[in-house]
Amino acid sequence: MAGVSPTARSGPRDQIVFAIILIVIGLGGFVLQATEGKVDVGGIIVLLIGLGLLGGFVSTRHYGYLVPGGIMTGLGAGIALQEAFALTNDSSGGIIVLGLGLGFASIWVLGQILDVQRSLWWPLVPGGILVVVGGALLIGGDAIRVLDWWGLVLVAIGLLVLWRAFAMGRQAR
């Protein structure tokens, strides 16, 4: 279908989600200009876009809305919390990374709760890593030394996955 715009091929629900996202971005831009940059609305805008995408997922059950919706909602929540508490030390990075990790994890959680056919476990890998890093940054000090062992942790998880794969292969025979 060359020459056909993406909105012409999509259904009414997809167009509604797209329209809501445009409206949210536009309102956020208007608030930013009206307050002359005195109010930090960046995190709130990202959060609202993520929530709009999650709303699109709930109404359509398209996995394509769930992934960016979970990621943007988690990231937006982290940025909004950092801006709300005016954090400037390692905690500011920690809260943003933690929010992003929880956003990834929410993809898997929502997929399980809403019984999405394409619900896969892949979001738990980046989500788990980001949650550990964000938590270590929030705690600070000696907790960051835990991150020195991240390579061995990934090797252990990889070995566990291999062991399970071989065990399932033997049961299938």
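## Helix α3 and its buried residues

Within helix α3, the residues that count as buried are Gly43, Ile45, Val46, Ile49, Gly50, Gly52, Leu53, Leu54, Gly56, Phe57 and Thr60. The model described here is a predicted one, and this helix is a convenient place to begin reading it. Helix α3 has 19 residues, which at 1.5 Å a residue should span 27 Å, and the C-alpha atoms at its two ends are indeed 27 Å apart, so the expected and computed spans agree.

Directly after α3 comes Arg61, a residue with a positive phi near 60°. Arg61 belongs to the loop between α3 and α4, and its positive phi occurs in a residue other than glycine. With a relative accessibility of 42%, Arg61 counts as partly exposed, whereas Phe57 is among the buried residues of α3. Arg61 also lies over the face of Phe57, at 6.0 Å from the centre of the ring.

## The chain as a whole

The protein chain contains seven helices and zero strands, and, read from the N terminus, its elements follow the order α-α-α-α-α-α-α. The chain has 173 residues, of which 29% count as buried. About 11,200 Å² of the protein chain is exposed, and 70% of that area is supplied by carbon and sulfur atoms.

How much of the contact in the chain comes from residues 24 or more positions apart? Among contacts with a separation of 6 or more, such residues account for 58%.

## The nonpolar core

In soluble globular proteins, nonpolar side chains tend to be buried together. In this model, the largest nonpolar core has 16 residues, and those with the most contacts inside it are Ile49, Tyr63, Leu66 and Ile107. At least two residues of this core come from each of the helices α2 (12-34), α3 (42-60), α4 (63-84) and α5 (90-113). Which helix gives the largest share of the core? That share, five residues, is supplied by α3.

Ile49 can be followed in detail, since a list of its contacts is available once neighbours within four places in sequence are set aside. On that basis, Ile49 is in contact with Ile21, Val24, Ile25 and Met72. Ile49 itself is one of the buried residues of α3.

## Between α2, α3 and α4

Helix α4 has 22 residues and reaches 31 Å from its first C-alpha to its last, which is close to the 32 Å expected at 1.5 Å a residue. After α4 comes Ala86, whose phi is positive, near 50°. Thr73 lies in helix α4; is this residue buried or exposed? Its relative accessibility is 15%, and because the limit for a buried residue is under 20%, Thr73 counts as buried. Leaving aside neighbours within four places in sequence, Thr73 is in contact with Leu47, Gly50, Leu51 and Leu54, and of these partners Gly50 and Leu54 appear among the buried residues of α3.

Gly26, by contrast, has its place in helix α2 and is partly exposed, with a relative accessible area of 41%. The C-alpha atoms of Gly26 and Ile45 are separated by 9.5 Å, although the two residues are 19 residues apart along the chain.

## The aromatic pair and helix α6

A search of the whole structure finds one aromatic pair. Its members are Phe104 and Trp122, whose ring centres are 6.4 Å apart and whose planes meet at 80°, so the pair is classed as edge-to-face. Because Phe104 lies in helix α5 while Trp122 lies in the loop between α5 and α6 (124-139), the pair ties together parts that are 18 residues apart in sequence. The two partners can also be described by their exposure: Phe104 is buried, with a relative accessible area of 13%, whereas Trp122 counts as partly exposed at 32% relative accessibility.

Helix α6 has 16 residues, which should span 22 Å at 1.5 Å a residue, and its end C-alpha atoms are 22 Å apart, so the expectation and the model agree. The residues Gly127, Gly134 and Ala136 are buried in α6. Following this helix is Gly140, which has a positive phi near 75°.

How values were computed
Residues are numbered from 1 along each chain as its sequence is written. Side-chain values use heavy atoms; hydrogens and water are left out. Helices (H or I, at least four residues) and strands (E, at least two) are DSSP runs, numbered from the N terminus. Buried means under 20% relative accessible area, exposed over 50%, partly exposed in between (1.4 Å probe, protein chains only). Contact means heavy atoms within 4.5 Å. Accessible areas come from the Shrake-Rupley method with a 1.4 Å probe; for residues, only the protein chains shown count as cover. A nonpolar core is a set of buried Ala, Val, Leu, Ile, Met, Phe, Trp, Tyr and Cys residues joined through side-chain atoms within 4.5 Å. Rings of Phe, Tyr and Trp (its six-membered ring) pair if their centres lie within 6.5 Å; planes under 30 degrees apart count as stacked, over 60 as edge-to-face and the rest as tilted. A charge sits over a ring if NZ of Lys or CZ of Arg is within 6 Å of the ring centre and within 35 degrees of the ring normal. The expected span of a helix is 1.5 Å times one less than its number of residues.
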